[in-house]
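Student: Could we go through this model step by step, with each cut-off stated where it is needed?

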Amino acid sequence: MLIGRADGIVKVGGRRVDLEAVKECIRQFPGVRDALVVSLPVDTGRENQVVAVVEGRVDPGDLGRFLAERLEPYARPRTIKVLDKLPMTAAGKYDRKTIEQLFVSTPRNGGQE
C-alpha cells in the first residue's frame, strides 16, 4: 500500500506544501532538537492537513506564532505536539505509525498542544 508522496510535497487546500521546508522552519525555533511534519487526511475525504511533532522544550503557542510569521497559512501545521523524544523504530527511523496515532484523537480544530 502506498501512502503519501515520496518527495514530501502534498496538496493542502489546492496548494502545494513542501513538508521538508516546513520541518526546516520549525527546526530554526530555539529549543527544537528535531521535528517531523506529516500530512494527514481530513475526515471528509481528499483534503489533507499539515501536523507536526516536535522534540524539545518548546511552547507550542510560541512556535505557532513563530511559524505564522514565516509560513503561508495553508502550510502551517494545524496541530503541534511537543514530545521529549520522537518515536523511533528499531532501525532508527521515525515511527510514523506511532506518530500518526498521536493525532487520531486530536480534534481537528487547529489546536496546539
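**Packing, sheet and loops**

Student: Which elements are included in what covers the buried residues of α1?

Tutor: This is a predicted model, in which local features need pLDDT of at least 70 and side-chain atom pairs count only at pLDDT 80 or more, while totals for chains, interfaces and linings use all residues. Residues are numbered from 1 along each chain as its sequence is written, and side-chain values use heavy atoms, with hydrogens and water left out. With contact meaning heavy atoms within 4.5 Å, the cover of the buried residues of α1 includes β1 (9-12), β2 (15-18), β3 (32-41), β4 (48-56) and α2 (60-68).

Student: On which part of α1 do its buried residues lie?

Tutor: Buried means under 20% relative accessible area, exposed over 50% and partly exposed in between, for a 1.4 Å probe and with protein chains only. In α1, which spans residues 19-27, the buried positions are Leu19, Val22, Lys23, Cys25 and Ile26. Because they cover an arc of only 160° around the axis, the arc being that of the directions from the helix axis to the C-beta atoms, they lie on the same side of α1.

Student: Which pattern does the chain follow along the sequence?

Tutor: Helices (H or I, at least four residues) and strands (E, at least two) are DSSP runs, numbered from the N terminus. There are three helices and five strands in the chain. Read in sequence order, they give the pattern β-β-α-β-β-α-β-α.

Student: How much does the open sheet twist, on average, from one strand to the next?

Tutor: Strands pair if DSSP finds at least two bridges between them, and the open sheet has three of them in the order β3-β4-β5, with mixed pairing. Its edge strands are β3 and β5, each of which pairs on one side only. From one strand to the next, the twist averages 20°.

Student: Which residue of β5 does Val51 stand opposite?

Tutor: The pairing between β4 and β5 is in the parallel sense and extends over five bridges. In β5, the residue standing opposite Val51 is Thr79.

Student: At about what angle to β5 does α2 run?

Tutor: Angles here run from 0 to 180 degrees between N-to-C directions, with axes fitted as lines to C-alpha atoms and, for helices, over the stretch in contact. α1 lies across β3 and β4 and runs at about 150° to β3. α2, by contrast, lies across β4 and β5, and its angle to β5 is about 130°.

Student: Which elements help to cover the buried residues of α2?

Tutor: The buried residues of α2 are Pro60, Leu63, Gly64, Phe66 and Leu67. They occupy an arc of only 160° around the axis, so they sit on the same side of α2. The cover over these residues includes α1, β4 and β5.

Student: To the backbone nitrogen of which residue does a side-chain oxygen of Asp59 lie at 3.0 Å?

Tutor: A polar contact is a pair of N or O atoms within 3.5 Å; within protein, one must be able to donate a hydrogen and the other to accept it, and residues adjacent in sequence count only if both atoms are side-chain atoms. At the N-terminal end of α1, Asp18 is the cap, with a side-chain oxygen 3.0 Å from the backbone nitrogen of Glu20. At the N-terminal end of α2 the cap is Asp59, whose side-chain oxygen lies 3.0 Å from the backbone nitrogen of Gly61.

Student: Which residue in the turn of the β1-β2 hairpin has a positive phi?

Tutor: β1 and β2 pair in the antiparallel sense over four bridges, and Ile9 stands opposite Asp18 in β2. Two residues separate the strands of this hairpin, and the positive phi, about 60°, belongs to Gly13.

Student: The backbone oxygen of which residue does the side chain of Lys81 reach?

Tutor: Lys81 lies in strand β5, residues 79-83. With a relative accessible area of 12%, Lys81 is buried. At 3.3 Å, its side chain reaches the backbone oxygen of Leu102.

Student: With which residues is Ala75 in contact, leaving aside neighbours within four places in sequence?

Tutor: Ala75 is found in the loop between α2 and β5, and at 9% relative accessibility it counts as buried. Ala75 and Leu19, although 56 residues apart in sequence, are 8.3 Å apart in space, C-alpha to C-alpha. With those sequence neighbours set aside, the contacts of Ala75 are Val17, Val22 and Val50.
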